Structures are given as structure tokens and as C-alpha cells.
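Thanks for sharing this one. Here are my notes, point by point, to read alongside the model.

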Amino acid sequence: MADGDELMAVDEGHVACGGDWDGRWNHLKKFLERSGPFTLPDFEPGTEALSGFRNIHVVDMDTIDISNLNRQFLFRSKDVGRPKAEVAAEFVNSRVPGCNVTPHCQKIQDFDESFYRKFHIIVCGLDSVIARRWMNGMLISLLNYENGVVDQSTIIPLIDGGTEGFKGNARVILPGMTACIDCTLELYPPQINFPMCTIASMPRLPEHCIEFARILQWPKEEPFGDGVSLDGDNPEHIQWVFMKAQERASEFNITGVTYRLTQGVVKRVIPAVASTNAVIAAACATEAFKIATSAYVTLNNYLVFSDVDGLYTYTFEAERKENCSACSQVPQDLQFSSSAKLQDVLQYLTESTSLQMKSPAITTTLQGKNKTLYLQVINIKRSLVFSFSLSPSVLVSLTGAELGLADGQELAVADVTTPQTVLFKLNFTS
Amino acid sequence: GMAANKAAKEQKYDRQLRLWGDHGQEALENAHVCLVNATATGTEILKNLVLPGIGAFTIVDGHKVSGEDVGNNFFLSTNSIGKNRAQAATELLQELNSDVSGNFVEEVRAAGSTCLRLGAVLWNAEVPFLVCRTYGLVGCMRLVVREHTVVESHPDNALEDLRLDQPFTELKNHIDSYDLDSMEKKDHSHTPWIIIVAKFLEKWYSEHNFQMPKNYKEKEAFRELLRQGILKNENGAPEDEENFDEAIKNVNTALNATKISSTVEDIFSCDLCDNITAQTPAFWVMARAVRDFVRDDGNGILPVRGTIPDMIADSEKFIKLQNVYREKALQDASVVSKHVESLLQSVGKVCPPGYLLIMKFFKCVFIISGKNAAFLRVVRCRSLEEEYSIESVNKDEITSCMDNPDSEMVLYLMLRSIDRFYQQHSHYPGVYDYQVEEDISRLKVCVNSLLQEYGLSVSVKDDYIHEFCRCGSAEPHTVAAFLGGCAAQEAIKIITQQFVPFNNTFIYNAMTQTSATFQL
């Protein structure tokens, strides 16, 4: 799928605008003007909703690459290098008269609540779980609760689709009401990396040789200059890794290192074809149509598809997690012994299957002041003032008591997986 | 120039080459697909064939583009209105991929049973036929191919071919070269689990009358034997030996008897395998050669696959073990190719001359014999005539599915019924608002006459009759696009002979986002 979002607004109550022609809506009219045995109770047959989806915003920070062209049909070879959002908007606006697609060549995280609040439906075709969780968290943050019950008018449905080779899935999320991304985090198992000792001293597969070149040799040799990091999109970089991997492979009599494999490992390439993406995109669009028109019951709530052997679909209702860290409104409890170190808390946040945080930053309030307990320092050349005037490596080895934390202390944790900080309550067990 | 073009294609198709390989892509680029009727469904299917680079397409369609067509078809524009629909769609599909050649034929469509007549012609010509239709929120695909052979089915979770129950000589010798008891810890902990299981299996044999562990109790006892084999430190506690953990984990599958699946046995017992003639397709010559191998050289077993999974081991031990399997696979493939040669000679065909052709030929043989012999598949679909004929209609399938009145089978029956309606009334039910009410009862009559004619004692809920009138044969774009993705991949499977096509009727219900496949 295109690695972006489509945020749609549906026209309400306008008669056919300029740009329409005779018969344009004939196929659609049957579903909008006629009630039927499977329409929802709140369906109102009428001519007003004839306009279809007119106002669409597309958010995508990527530019078009030649390898996109085998499936991303809005792009041509002349468009390579241009921003995807822009070209997609141009193409659709030209091919579908009256449709108004507004491009945003940005990351989804560049926008805040004021942006997302405007939309009736959000459709995602994102390329990472992190991004999905972020969008999920954003829509949850827009919810208003009254007496513990969610105000339905603040719910923005989220339709999410994803594919890999000949497999795909589509799901409908009603934030605050149905299972959210974090409720079902175990459906997205963490990526498995090869163990370092295998890569470093005991390679057996061509992949091990490639990872050796990428992880160990590149930082050591800096073949394209000081501080120049490996760019998977640079063929010269891939060529270097390829040759180094071949050298390593011949040392160990390993066969199978190819340029294609090298590129695949370095870029973590996922095979992709037009057909699977068409299927999942269509399923998502059908759900958007249903939500907008109440013409049929929406998918409740998860569809799995595979066409490796014949065609297979499986539809089920993913369940909400009672204490979901994203949507349950339940404060997250952290149980630790009083002798546990800050390090242990960090490990839990990153390794627990239900949280899977990437690089959490922890702050808390001590003696009325906001203190940073932990913040991962990426660029060591930058100086950072720590609340405790201690380096992070020392900080993490301190216990709760040493840090001045009391039983019941509230910790605020920020992470790329969520747009809002998550509040945790620290409970000392001994 | 040529080289630059080839490089650009490799980049463009990179993401799909990783799925079907260069040889699959070559098959695609030599394919010529014909689309009859450039409806939304039709153009969506073709889009998903043009993008991956099929060689050529031809659209046959006599209709003129209407405003209604432009309303649901991404590959028609307002400029197309009044033009021949085949021509208009060809232009907008062609510009998706300059590697592909598209053309069109303006053919006036005959009414009624074109599909059945076309089906008969294509059946006789042995050209695969895929009939697709989107009707309201229902999509339907029917594959009609007399016999489709799958060389590479790429099964998802195939068991490994390790031969631990009957190790070939080279494997036996390699296992014998290990003496676990005399190994230092480093070597002991980095010995591949295959070797470990083999060694302990020998021990087990000597105590169990040369019988493999068969049931859960015996496998558990065998696992215990393995546990005892883990080295102990000076305190008598077991060391951390991940390779032994792997061995224990794999006991369940590693000790299965090596045998030929019934699917492959069925292929071996086909007529086409028995009687090789000068006209026999390559797949059957290969299958026969593998069968001859099984009988003459393999001791009743297929050629060795030659791959082993990754496992905890030092590089040298792993590579050596891997090579034992690989070399045996190459040897076996070479024997199979000698069988192919002699079969071809026996029907007066000469083996392809020239070194390059021989290498390509051998690679072909290796692809079949080695990696894929166990996964050969043949798909045979019944003809449309067989499906529609009262004598051969698949009553059992229809009635048993309809035990659940909301099964996708009811949608199939409705599609058959609206075709019947069209035959009688020259229009589909409910196309115009004023028709809906009246057509519901007329459609019900069609449903009942269909069920009666075929002797199907099932009942169709009124809701479905109502729905199939309500939708007035509309073709919503999103449903057409879903089917377009499904159909295109089935066509690609047929063209590349990779992955397994469905057999033979696929129904998609966009109302419930469910689907089913029936063999009708």
C-alpha cells in the first residue's frame, strides 16, 4: 500500500456540483436511495449523499521510487523523485472530476489534534506498527468522556490496512468502543533479528554475512566518510555491503549472497504486488463507504486475506483489552520491588509484549517540580542537562528510593508509539 | 539501451521478483491476456496484470462508453463518453506500463448465453477462462481450466526433508564422522541438532528393535534421552546447550517417516504420466521422470530436496551438513534428468542442444525434481457445461452448504437466478426504481424455478431476493476492485505455474467481508 494516510471528509447536503454528468451516480444511487434488508436502522435513503467522497487529505512523507511502480498505480516513471502525496493528489483530481484531494508531504506526527479533529474518517496504509500506534493514540486522545462513557460524537473511525506479499489484513477501529491497535499488539510480533554472536563469529546463512557487513564492518570502516550512515536507497552503499558480504561468505564457504538479497536484508524489504494491495485497499474503501452511508453493517472488525493457495479470508471480532495502555482509560500499574532499578522499569517498558515501547522518556513530579528520570541520548555530541546532574548510565542503576520515588508515584512516559504521554502508577511490592 | 532497460525493469519489478523469481517474470512477459468487456471489474483486473508487466493484452468490447460507465470505472474518463469502450480503456490501461502492449477489438456483444458458448470454445482450445462479475456487494469468480499443472506451489508450512528415518549413504557417513562423547564443550554445543537427533536415534534403535519412536510416550522418552545427552558442569548441573534444546523441540517433526504424499501419488498414477508421447507437456514428462526415479533409484522415495533449516551450529559444521544434502539433491536431479532424456528419446524428441539450453533445461529439472517434487499440484476444474447441466450439477455441494442459509452459496444461487431473470425479461431485476417492487416477486419465481429444475431442496431467504433487486445490477467500484485483485493473481498463477489456483468458484460478500470457494 502507499505508505500514507487518507483522511476523508464526506460532503453533506449538497446537490450535485459542477463536474457531474448524466448517469455518473447510477451505480451508487441504488445503495443510497433505496433501503434494503441489510441496511442499518439509521440509514436514510436520499439524494443528498450523492456526491461521494469529495474532500480527501493525503499525508505521506515519502517520495516516489522506481520500485513503487509495480503496484502504486497513481505514479509513473516520470514521477520518480517527486513527493507521493503531491502526485497522488494531482492524478486523482485530474481523473475524478469534482474530487478535491489535498496533499501533505509530511509525517503523520507533524500534525496535532487540531488537524485530525476535522475528519470524518481516517484510512491508514502505513508501513510500520509504530506509526499505526501513533495514529491510534491520536484518535484516542480526541475522545471526550462524560461520567466514564465516551461521547460518540468525538469518535473518528479508523480503517487500517496492511499487506505482505500475498497476505493482507483490513480492520475497522472505533476508538474507545472497539479493539484498538494496542489492544491487539500480539497480532504484530516484534521483528526477529539474528543473534550478534552468530553474526560476529558463526555465520551460516548469506543473511548473516550481509548483517556482518552492515552492523559491524560499516561503522568500523566508514567507507563513505566519517559519520556517513548506511543509506539503503543508495546503490553504492548496497554494492559495498554486497561485496563485503561476499568476502565474508567465501571465508566460510557460504553460498547465496546476491545483490538482491543484500538489498532485501539491508532495507528490510517486504515483497509486494499490485493484486494483494488492490484487495486490501478495496476492502478498506468498502468500509469507508459503509461508515459514511450506513448502507450496510461495518466490518466487525478484522479481516485476514491470503491467496497463496486458492483464496482464503477469515473475519473475526478482535476483542478489547481490559487494561489496554492506549484505550482503556485505566491507569497503568507498574509493580516493582523497592530494590528494583530504573533500568528494570525501562526494560519492562520496552520488552513487555503489551507495551513494546521503543525509546521511552520518563518524567515525574518531585517536590512540586517536573524531573526527567530518563531520556535516551542519541547524539552524544549534544549536551543535555539532567535533573539529577547525573549521566543516564548512572541514573538507570539507581533504585526508586535513591531517586526519591515514593510508593504510588505517577510516572509520565513519552514514546514514539503514542502521541500522548502514558501515565503509570508505581507500586512497590516489598 | 538494452542493458539499461533490463536494469530499470529489475528495479521496477524488484518487489514482485522476490515472490515469483526471474523465471516467473519471464513467463508473465510472454503472456497475452484477453479481456472481454471493459467493465469496472474488467479494467481493475487488467490494471493488476499490466502493472506487473504481462507481455500483452487485448480488450474485446462492443459497447460505447456511457456516463454511467465513467461513474464507476477508473480507466474511463468523460472524454471517453461515446467512444468504443475497448478503445478508451486500452488507452488508459496502456499508460500504466510502457513495457506492455495493449490493443482492442470492437466486437458487438451477442445477448444471453455468450459466456457458456465462449466457455465451450475455450474448453476445446484448452485456453484457461476466468469469468468474473460484480453484482451489487457481491463478487464472483469462476475458473475454467481443464488441467492446470503447478510446478512451484510454494507451500506455506512445508515439513523439512531430512531423511532421518532412512539416511542416504552420504548422510550416514557424515553422521558417523561425529563422536559426540569425545567432543569438547565448544564443539558439542555447536553440533547441528540434525546430527544429535541422528546419533541418539541410533542409540534408540539398538534398544528398541530398530523401530522409530512412534507415539507420544515414545517421543517423550526419546526427548528425555536427548536431555540426558546435554553436557553437565562440574556440579552435575546441565550446561546451556541451545542446539540440544533445538533437537528436543524438533523431535515431533524430525522423526516422521519419509513418504510420498497422496497428492503426488495421484499425479504419478495419472494417464498422462503413464503414456508419454511426443505431444506430452513438459510437466508430465518431468513427473514421469520423477516417478521412474522413485521406482528405479529412490527406493520408493522422491529425490532429495536438498535444503535444511538454519540451526545453532558453528559455520563449518553447518555448511558441511548442508552440502551433504545439497550434493545429494544435485545427484538425484541429475538422475532424474537422465530419465527425462531417455523418455524424450523414446518418443523421438531430441534433448535441447547447446550448453545454455542444457543448463536452462537442467535448472528446470532441478526446480521440479529437487525443491518441488513433493509439492507438485494439478488443478482440474469442471467445465461450465458440467456445472450447468442437470445431470452433473453438484447437488451435494449446494445443498450441504445451504444448511447454513446465509452461506455464500445463497449468493451463487442468486447470481444464477438473476441470469435466469435476464433470459426471461431482457433486463436485470430492479434496474429502475419503478421496477423494484414488481421484480422482487418475479425474481422469486426465477429462484424457485431454478431450485426446482435442479432438484435442490433448499430455501432462499427473502432478504437475499430483496437485496438482489435493490442493487439493480449496480457494480460498485470498491467491490469490483476487490475482485480485480483476486482475479489478477489467479491469472498470474496460471501464467507462471507458481502458487495454486482456486477450484473453481469464489464468492466474495462485501456486506459481511467474507468469502468462500466452492467446487461446482
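1. Let me begin just after helix α7 of chain A, where A:Asn253 follows with a positive phi, near 60 degrees. Please keep in mind throughout that this is a predicted model. As background, most residues other than glycine have a negative phi.

2. Now the helix itself. α7(A) covers residues 235-251, and its 17 residues should span 24 Å at 1.5 Å a residue; the end C-alpha atoms are 24 Å apart, so the two values agree. At the N-terminal end, A:Asn234 acts as a cap, with a side-chain oxygen 2.9 Å from the backbone nitrogen of A:Glu236.

3. Which residues of α7(A) are buried? They are A:His237, A:Ile238, A:Trp240, A:Val241, A:Phe242, A:Lys244, A:Ala245, A:Arg248 and A:Ala249. You may like to see that this list includes A:Lys244 and A:Arg248. The buried residues of the helix pack against α5 (196-201), α6 (206-221) and α8 (259-266) of chain A.

4. Next, the cis peptide bonds. In chain A, one joins A:Asn300 and A:Asn301, with omega about -5 degrees. A:Asn301 sits in the loop between α9 (274-293) and β9 (302-306). In chain B, a cis bond links B:Asn503 and B:Asn504, with omega about -5 degrees. B:Asn504 belongs to the loop between α22 (477-496) and β8 (505-509) of that chain. For context, most peptide bonds are trans.

5. The loop between α22 and β8 of chain B also holds B:Phe499. Phi of B:Phe499 is near 70 degrees, a positive value in a residue that is not glycine. Is B:Phe499 buried or exposed? Its relative accessibility is 6%, and because the cut-off for buried is under 20%, B:Phe499 counts as buried.

6. A little further along chain B, have a look at B:Gln513, in the loop between β8 and β9 (514-518). B:Gln513 is not a glycine, yet its phi is positive, about 55 degrees. With a relative accessible area of 1%, B:Gln513 is buried.

7. On to a helix pair in chain B. Helix α19 (residues 409-425) and helix α21 (residues 462-470) pack at an angle of about 50 degrees, with their axes 11 Å apart. The two helices are therefore oblique to each other, and α19(B) passes α21(B) in a right-handed crossing. From α19(B), the contact is made by B:Val410, B:Leu411, B:Met414, B:Leu415 and B:Ile418; from α21(B), by B:Tyr464, B:Ile465 and B:Phe468.

8. What does A:Cys180 touch, leaving aside its neighbours within four places in sequence? Its contacts are A:Asn136, A:Ile140, A:Arg171, A:Ile173, A:Cys324, A:Ala326 and A:Cys327. A:Cys180 lies in the loop between β8 (167-173) and α5 of chain A, and at 1% relative accessibility it is buried. The C-alpha atoms of A:Cys180 and A:Leu40, which are 140 residues apart along the chain, are separated by 23 Å.

9. Finally, take a look at B:Lys12, in helix α1 (residues 2-12) of chain B. B:Lys12 counts as buried, at 12% relative accessibility. Its side chain makes a polar contact with the side chain of B:Asn97 (2.8 Å). Not counting residues up to four places away in sequence, B:Lys12 touches A:Ile66, A:Ser67, A:Leu69 and A:Asn70 in chain A, along with B:Asn97 and B:Asp99 in chain B.

How values were computed
Residues numbered from 1 in each chain as written. Chains lettered and ligands numbered in written order. Predicted model: local features only at pLDDT ≥ 70, side-chain atom pairs only at ≥ 80, totals over all residues. Heavy atoms only, no water. Helix = DSSP H or I, 4+ residues; strand = E, 2+ residues; numbered from the N terminus. Buried < 20%, exposed > 50% of the residue type's maximum accessible area, 1.4 Å probe, protein only. Expected span 1.5 Å × (residues − 1). Contact = heavy atoms within 4.5 Å. Polar contact = N/O pair within 3.5 Å; in protein donor to acceptor, adjacent residues only side chain to side chain. Axes fitted to C-alpha atoms, helices over the stretch in contact; angles between N-to-C directions. Parallel < 35°, antiparallel > 145°, perpendicular 65-115°, else oblique. Left-handed = near helix turned anticlockwise from the far one by under 90°.
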